[in-house]
Every structure is written in structure tokens, then in C-alpha cells.
Amino acid sequence: MDHVTEKTIGQMVADNYRTAQVFKKHKIDFCCKGNRTLSEVATKKGLNLEILLQELDTVQAHGQGDHLEVASWPLDLLADYIEKKHHRYVEQQIPILNQYLDKLCRVHGDRHPELFEISELFKASGGELAMHMKKEELVLFPWVRKMVEGIADREPLVRPHFGTVRNPIQMMMKEHDQEGERFRKIAELTNSYTPPADACNTYRVTYSLLQEFEEDLHRHIHLENNVLFPKAETLEQQTVH
């Protein structure tokens, strides 16, 4: 049991993504704050560690479900997957959600002034994520792919202009933290994405899309912080001389 309780929650989700549903249920951040151990989290949140372990055992005992286990994928494939699935999703959803939020502010803003702050936070997130993803696509991911090629070709690589992969990774992780905090505020302002009693269908759809966006962002950040980034650092040690 000790080895389980002392494993970081980020590593637990990397090993088996079905554990994420337990952490989500207890509002435990496994992406931006995935470097905490299970025992640390239980103590801080006042949760029963035995019950947490039982819930984790239960979800891991079930079938594979729809989740892909990507921890064992080659890093270039994982970078491709993040870019094609998560980056594309973000790019597609930002204009849709901005349009919905603008409409809600116009129609319901007088009775629900929190909508203006929600809209402002999401627009800020959309702008920052667009720049963030471009940095990954133009700098970090190409270097990951080049390192994978270097291993295959057994050719040592020259150190990149940014020095070490740790430098862009630290910047990406800092930006992940900022987006995680922004969405914690959005979740708080929306009462965990619960529409008010007088909400119309557009209101309900918007909150559902916001919640879906946050969940996808959690998965996205988890794959980078807890799987891609640490493996990229290890790979660099093997390829750069």
C-alpha cells in the first residue's frame, strides 16, 4: 500500500487514465498539480485514504472503456496525438464558445452579471492557449520528433538554440498552471457549470460546452505535464551530446 500512496497522482493517471474519474469526483487536480502524492492529497483535503484506495481499485478493475492508454506510446506519436486531438479541439471550440458567451451576456447579463467575468476569463484563456499551442507546435514538438529520429538513426544531436528541453517545458508548465487557475475561477463562477433556474437552452448548452472544454484541457495538460514532458527530458539525456 505504501508504494501506491506515495506515488504521485499524475503518475497514477499516466499509468491508468481511469483513475482520473476518482480524482475528478473529489475535485483533485491531477494535471497542473499532479506532482503530489495520494497521501498528501488525502491529508490536505481531509479525505479518507482507505476509501480513496478502494475507489481507485474499483475503477482500475473495470474494462478499458473509451480511454486510450498512451503512456507507452513513442513520444513523436504522443505529440502528434496531442496536436491533432487536443490542439484541434481547442481551435474549433474557442470561436463557438465566444459566440455563445457573447449572446448570454447580451440576453442574460442584466440578471446574471457573473456572465461578463466568465466571458472575459474565457476570452483571455482562448488567446493565451492559441499562443501556447503555437509555441509547442513550432518549437517543442519538432524537437521531440527530432530526438526520436536521433534515437532511431543512432545519431547524436546538437543542442538546440533554447539550450535544453527543460527550458520550454518550464514555460509550458507555468502557462498550464495559469490556465488551470483561470478555469478554477470559471468553475466557481458557474457553480460547477450548473445553469441557474431561469436558464434557457442556449445557457445550458454553453455551460455544458464550457465543462467539456475544461475536461478536455485537464486531459491535455495531464498528457503533457505527466507523460510527454518528463519522457522528453529523459530522451534528451540519451540523444544530445
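**Tour of the Phe 122 ring cluster and a lysine patch**

Start by selecting Phe 122, which is buried at a relative accessible area of 0%. The model is a predicted one, so read each stop as a description of that prediction.

Keep Phe 122 selected and add Phe 213. The two ring centres are 5.2 Å apart with planes at 75°, so this pair is edge-to-face. Phe 122 belongs to helix α7 and Phe 213 to helix α9 (residues 201–239), so the contact ties together parts 91 residues apart in sequence. Phe 213 has 1% relative accessibility and counts as buried, because the cut-off for buried is under 20%.

Next, widen the search to aromatic pairs across the whole structure, of which there are 7. One of them joins Phe 122 and Phe 183, edge-to-face, with 6.4 Å centre to centre and 85° between the planes. Here helix α7 (residues 114–153) supplies Phe 122 and helix α8 (residues 166–189) supplies Phe 183, so parts 61 residues apart in sequence are tied together. Phe 183 is also buried, at 1% relative accessibility.

Now add Tyr 89 to the selection. Ring pairs link Tyr 89, Phe 122, Phe 183 and Phe 213 into a cluster.

For the last stop, move to the surface and select Lys 27, Lys 33, Lys 44 and Lys 45, which form a positive patch. Centre on Lys 27, in the loop between α3 (20–25) and α4 (38–45). Is Lys 27 buried or exposed? Its relative accessible area is 61%, so Lys 27 is exposed, the cut-off being over 50%.

Notes
Residues are numbered from 1 along each chain as its sequence is written. This is a predicted model: local features need pLDDT of at least 70, side-chain atom pairs count only at pLDDT 80 or more; totals for chains, interfaces and linings use all residues. Side-chain values use heavy atoms; hydrogens and water are left out. Patches are made of residues with over 30% relative accessible area and no salt bridge: like charges are joined within 9 Å, nonpolar side chains (Val, Leu, Ile, Met, Phe, Trp, Tyr) within 5 Å. Accessible areas come from the Shrake-Rupley method with a 1.4 Å probe; for residues, only the protein chains shown count as cover. A salt bridge is a side-chain nitrogen of Lys or Arg within 4 Å of a carboxyl oxygen of Asp or Glu. Lys and Arg count as positive and Asp and Glu as negative; His and the chain ends are not counted. The place of a charge is taken as NZ of Lys, CZ of Arg, CG of Asp or CD of Glu. Helices (H or I, at least four residues) and strands (E, at least two) are DSSP runs, numbered from the N terminus. Buried means under 20% relative accessible area, exposed over 50%, partly exposed in between (1.4 Å probe, protein chains only). Rings of Phe, Tyr and Trp (its six-membered ring) pair if their centres lie within 6.5 Å; planes under 30 degrees apart count as stacked, over 60 as edge-to-face and the rest as tilted.
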